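Me: Could you take a close look at one part of this structure for me and walk me through how its pieces pack? I'd be glad of any notable links or backbone features elsewhere as well.

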Amino acid sequence: MRIDRAGLMGAGIVMAAIAAQVAAQGPATTVQQDFEAAAALDAKGDSTAALAAWTTLEARTKPGSRSRGIALIRKSAALFKLDRADDAVTAARDGLALLPAKDPTLAEDRWRAYFDLGLIAQNALDYAGASVSFASAAAAADGASLKVAALLSLADTTTFTDPAAADAALAKVDALVRTAPADADVKALIARRRAILALNRGQYEQARTQAVEAVKFYGGMTSQTDSRDVSARSDAAIASLLAGKSEEARRYMAMTGAGRLSKGEFDPAVQMEVPACGGEADLRPADMAVVEFTIDNDGVVRGVSPIYAAGGGAVALEFARAVRDWSWTPEQTKSFPAFFRYNIRVEMRCSTAFERPSITKFLDADMAAWLESKGFSIPVRERGADAAAIVGQRAALAAAEGKSGPTSLATLPPLYQLVGNAVVGREEAHELAQRASLLLRQTAPRRSRCSRSTSVCVRPKVPIAGSRVPMPALSRRCCRSPVMRRIRKRDRRCNCS
């Protein structure tokens, strides 16, 4: 059930149509050759080169043709693998609009586009949107394996948005498996989907039975394990605990590797907040959720998915969205064994503490207004993890330095953002803050306390009997005299007017 399989049924006929669109005196290579070269790069796993190849092929096809649609969908798949989700969505939707709905030779490309759109929406925790795309992928699939993959993903997302639809999707999977036998890994995934659905419906014994079945399909409770085993055993532990079988829960939990970090503890993230009680999801102190995620090498959280929630699907997704905003530093991730950064699970509850914004939050509006007056602006900060935002912020700083120089005012917006980024180390943040402070001092208007254009000088106000009485006005000549200069230097209250 690989998403990136190369080729499609009737490719020769399709590419003949593409070749017919190219002028007689075209490039040295034919469109067919370009298609085969791009498909080979896809099969090799070289997504960067494949993207370039599909982009070239796109330019050689007629706008609005189904050939252009095929190139766009293949391009979308390469963009998705390169973590360019927004561009992938645009290319996939544009490509789907160009594919004839009833052309059976394009079934796999339609499935590919819809399935990738579903994965992108699921990664963004837009489970409602993901469910629509997965349903479209299931309808477009022309083979049992592709249909099963789409239906299992549909069951995964609808578990938290429409449990009845998840039931229906799993029923279709069962029917397909009866006619086209599945291997142990697929059976394990089916059992896991049923276990999680039952778990979130409060059917704990049924969930425990299905979760234990999934563990068996993955090879049982052996010392050999991988990330799939860990997740399945954790499912069984949660279901067993909720079903009142605490001893069995401890046994399954022990076999996930929990509590076996070399340091003996899990290093908290530098950016790690739980959602406040209330809000759009109406979170309550009694609500609880288990969320699974992976920490990448750069400290960015990926693969966030809710597993179980006491409170419903909306509660589960709200907690999962909070986890998406967590960040670790690259130095922290190095201290974790790689295995323990995958499929991490945490139990979460909402916070009843009153939110206390940092001091810098109060300065943001003033800084933005001041930069606006200078012709610059701070990009609008979207909610998200600092570990993900830092890449763009560093790129913006480098671009500003390259265009205007390291001491230009154009570097101030990215400097200000980096200083407030939780992933930036303390020493680096201090250095960046010093740079920003120096820029502000250099650009601040210099105020003279005694203008050359003044005609009189007023001596400092001297307190007499508890009051401040102004002294007589002195002449302009007196104001510039050496004595008054010394007075003004000693007492800053001496202003010329």
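Reply: Happy to help; here is a walk around helix 10 and its partners, followed by a few features from other parts of the chain. Please keep in mind that this is a predicted model.

Let's begin with the general idea. Two packed helices are described by the angle between their axes and the distance between the axes.

Helix 10 covers residues 184–200, and helix 9, residues 163–179, comes to it with axes within 11 Å and a crossing of roughly 160°. That angle makes helix 9 roughly antiparallel to helix 10, since angles over 145 degrees count as such. The crossing of these two helices is left-handed. On the helix 9 side, the contact is made by Pro-163, Ala-166, Asp-167, Leu-170, Ala-171, Val-173, Asp-174 and Val-177, and these meet Ile-190, Arg-193, Arg-194 and Leu-197 of helix 10. Sorted by class, the residues of this contact come to 8 nonpolar, no polar and 4 charged.

Now for the second partner. Helix 8, residues 144–158, packs with helix 10 at an angle of about 25°, and their axes are 10 Å apart. Helix 8 and helix 10 are therefore roughly parallel to each other, because the cut-off for that description is under 35 degrees. Here too helix 10 is passed in a left-handed crossing, this time by helix 8. Val-148, Leu-152 and Asp-156 of helix 8 meet Val-186, Leu-189, Ile-190 and Arg-193 of helix 10. This contact holds 5 nonpolar, no polar and 2 charged residues. Ile-190 and Arg-193 appear in the contact with helix 9 and also in the contact with helix 8.

Leu-189 deserves a moment of its own. This residue of helix 10 counts as partly exposed, at 23% relative accessibility. Leaving aside neighbours within four places in sequence, Leu-189 is in contact with Leu-152 and Tyr-218. Its C-alpha atom is also separated by 9.2 Å from that of Arg-228, a residue 39 places away along the chain.

Next comes the covalent link. A disulfide is a covalent bond between the sulfur atoms of two cysteines. A search of the whole structure finds 1 such bond, and it joins Cys-277 to Cys-350 with an S to S distance of 2.0 Å. With 80° about the S-S bond, the link is right-handed. It ties together distant parts of the chain, 73 residues apart: Cys-277 sits in the loop between helix 13 (246–254) and strand 1 (288–295), while Cys-350 sits in the loop between strand 3 (344–348) and helix 16 (359–373). Cys-277 is partly exposed, with a relative accessible area of 24%, whereas Cys-350 is buried, with a relative accessible area of 10%.

Finally, there are two backbone details you may like to check in your viewer. Leu-125 is not a glycine, yet it has a positive phi of about 60°. Leu-125 lies in the loop between helix 6 (107–123) and helix 7 (127–140), and at 2% relative accessibility it counts as buried. Asn-343, also not a glycine, has a positive phi of about 55°. Asn-343 is found in the loop between helix 15 (330–335) and strand 3, where it is partly exposed, with a relative accessible area of 21%.

Terms used. Residues numbered from 1 in each chain as written. Predicted model: local features only at pLDDT ≥ 70, side-chain atom pairs only at ≥ 80, totals over all residues. Heavy atoms only, no water. Axes fitted to C-alpha atoms, helices over the stretch in contact; angles between N-to-C directions. Helix = DSSP H or I, 4+ residues; strand = E, 2+ residues; numbered from the N terminus. Parallel < 35°, antiparallel > 145°, perpendicular 65-115°, else oblique. Left-handed = near helix turned anticlockwise from the far one by under 90°. Contact = heavy atoms within 4.5 Å. Nonpolar A, V, L, I, M, F, W, Y, C, P; charged D, E, K, R; others polar. Disulfide = S-S within 2.5 Å. Buried < 20%, exposed > 50% of the residue type's maximum accessible area, 1.4 Å probe, protein only.
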